[in-house]
Amino acid sequence: MAYAYWKSGKTDDHSVFDLFFRSNPFHGEFTIFAGLDECLRFLESFHYSESDIEYLRRTLPEGTENEFFDYLGDLTAKDVTLHAIDEGTVAFPRVPIIKVEGPLIIAQLLETTLLTLVNYASLMATNAARYRMVAGKHVNLLEFGLRRAQGPDGGLSASKYSYTGGFDGTSNVLAGKLFNIPVKGTHAHAYITSFSGIEELKARLLKHKLTAGVTGDLLELAIKYRQKLSTVLNVSMEESSEGELAAMVSYAIAFPDGFMALVDTYDVKSPAKSTNSNNITAKTVTKAVISKSNAKNLSDKRSTDINETKLPITTTSAGINMTNGWTVHPNGNIDNINNAVSTSTENDTNKNDQNMNNNNAQPHDSKYHACMSQLSQRSLSNLCKKTEKSFRSGLLNFCAVALALNDLGYQAVGIRIDSGDLAYLSCLARETFERVAERFKVQWFNKLTIVASNDINEETILSLNEQGHKIDCFGIGTHLVTCQRQPALGCVYKLVEINGQPRIKLSQDVEKVTMPGHKNAYRLYSSDGHALIDLLQKVSETPPEVGQKVLCRHPFQESKRAYVIPSRVEPLYKIYWQNGKITQKLPTLELVREKVQKSLKTLRNDHKRTLNPTPYKFAISQVSVSDNLYNFIHDLWLQNAPIGELS
């Protein structure tokens, strides 16, 4: 295209391009604009080197004139002007997030790079912001996705823009070095399995943190505490792995102030076996709960990994009777006899079962929610109490090593759970920590961090929230960095003006009709401080004013229009690049991260909710235009649309 432009004598043509997207990602109603900093760095370095020119000489078709390569060799971005909204700002479909003015050839050559720098960055920041919203502000989020990212470049971008969107840290050390992102991580299962017994420990001694000259045998202390914990928690010593204990002692000696242990490497089951076919396992109960709550995105679909602990539960023809009054029916229905969720007659029970299984039942059915609410609160607590004899090896060994560290003046950080029913296991771990804190008078045990990982996505966190989890931090990888729900944002780069003359792209698909001409954008705010509407105007129009009535129109539907009286008017565009240099002081990554959260606060909660969010500018359209611009678009549309002929 550049050569054809050059050959056509269009080197001096002045163009305006809009970079925008047509729809919000992830079925949401907002997008976070990101990648501007990298776009500006690219403009600073834009040129064709001698090796570039030599390669292009060999690559372009034979007959390409040598003068064109001389022209390319002198090209820079000094004649380009770039307008953009602030990085980290909430953006909406069809409102340009970047405008590029300059010589046609140069502006065209910038297209692909600008798109690739903005598309993934904005998608990634938006994805991260959504995770932050569903997790809540008091739960830490760590990006653990480098090994699953689309190559090292994709991994670096994912780390950078997940932090922009609201994550608290990354396991990507290079990203930490390059972007000053806090680096966080834990050991892997390989560290635990690399030890097979305590005889492999080459280092057992640890200096006391506060008392000079005092050294303790951490292994000896841990074994002592493991014996005590075995009695307190009613767990057999045979249920814990010696190799795991050795690995944790070794890791604690290496990081006594940062002891965070992965506790689900070994799932050592109780040696006690029951032949009573009327018993039901905790695994079975959990599966029934999952089936009834329709938690298809539960923290781990392999909930069957839970220890098969025998509960004092019996089966009947009507179902499974638990000692706390719950009945788990063979078809997965769950009733509470004590609370009259089911009736005493077989017919009423069947009727209730049918209602519970009715696909057309309302999601807010009072009986169902009463049942599930009590189940999530009571049965998890009961399960925790009734499965004391099946504490995992890792939890027992961790508590033993953590108490040993306490004797030497150190405080452990916490545990990571990487499999199983995360809601249940986190409750179990928290109850264990509270019991240990009370028994051994170590109050900081109550505040130990519980980290959860294992293919977590947005729906997983929502499900865990409903189940009352006790997780303090999520480590999220694959679903975050690959944006599995939507792999691309779909930004486009369209010519809207050439030599002062507007250009419009027409299509039978109205969504693909472009907004012609050089435009400005303004965000109008309501009296309660929330963003109300984004308004596009021709650059020649007077900006809207606070307190003055503004007619906002749908760009293509004549009947959709509304008057808006803004309490605040925010011009969206700033000139970020002009005369060959960056014209604004660029914010740090920390400031962009803060900007994201501030910008999100300007949206109403119904715009941000995960399920069925209210569209921004719902009463008018995805984009609104001034009356002047509306008439301009339609006049130009009529001028350029072909007139059909019937015969």
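**Strands side by side in a predicted model**

Student: What is the strand order of the open sheet of six strands?

Tutor: Good place to begin, and remember that this is a predicted model. The pairing in this open sheet is parallel. Read across its six strands, the order is E7-E6-E17-E16-E15-E10.

Student: Which strands stand at the edges, each with a single partner strand?

Tutor: Look at the two ends of the order E7-E6-E17-E16-E15-E10. A strand there has a single partner strand, so one side of it is left without a neighbour in the sheet. The edge strands are E7 (169-170) and E10 (260-262).

Student: In E16, which residue is the bridge partner of Arg416?

Tutor: Start with the strands: E15 covers residues 414-417 and E16 covers residues 449-452. These two pair in the parallel sense over four bridges. Across from Arg416, the bridge partner in E16 is Val451.

Student: Through which helix does the chain cross from E16 to E17?

Tutor: Strand E17 (residues 473-476) runs parallel to E16, and two bridges join them. Ala452 stands opposite Phe474 in E17. The β-α-β crossover from E16 to E17 is right-handed, and its helix, residues 458-466, is H17.

Student: What is the handedness of the crossover from E15 to E16?

Tutor: Follow the chain out of E15 and into helix H16, residues 422-440. From H16 the chain continues to E16, and this β-α-β crossover is right-handed.

Key:
Residues are numbered from 1 along each chain as its sequence is written. This is a predicted model: local features need pLDDT of at least 70, side-chain atom pairs count only at pLDDT 80 or more; totals for chains, interfaces and linings use all residues. Side-chain values use heavy atoms; hydrogens and water are left out. Two strands pair if DSSP finds at least two bridges between them. A crossover is right-handed if, with the strands pointing away from the viewer, the path from the first strand over the helix to the second runs clockwise.
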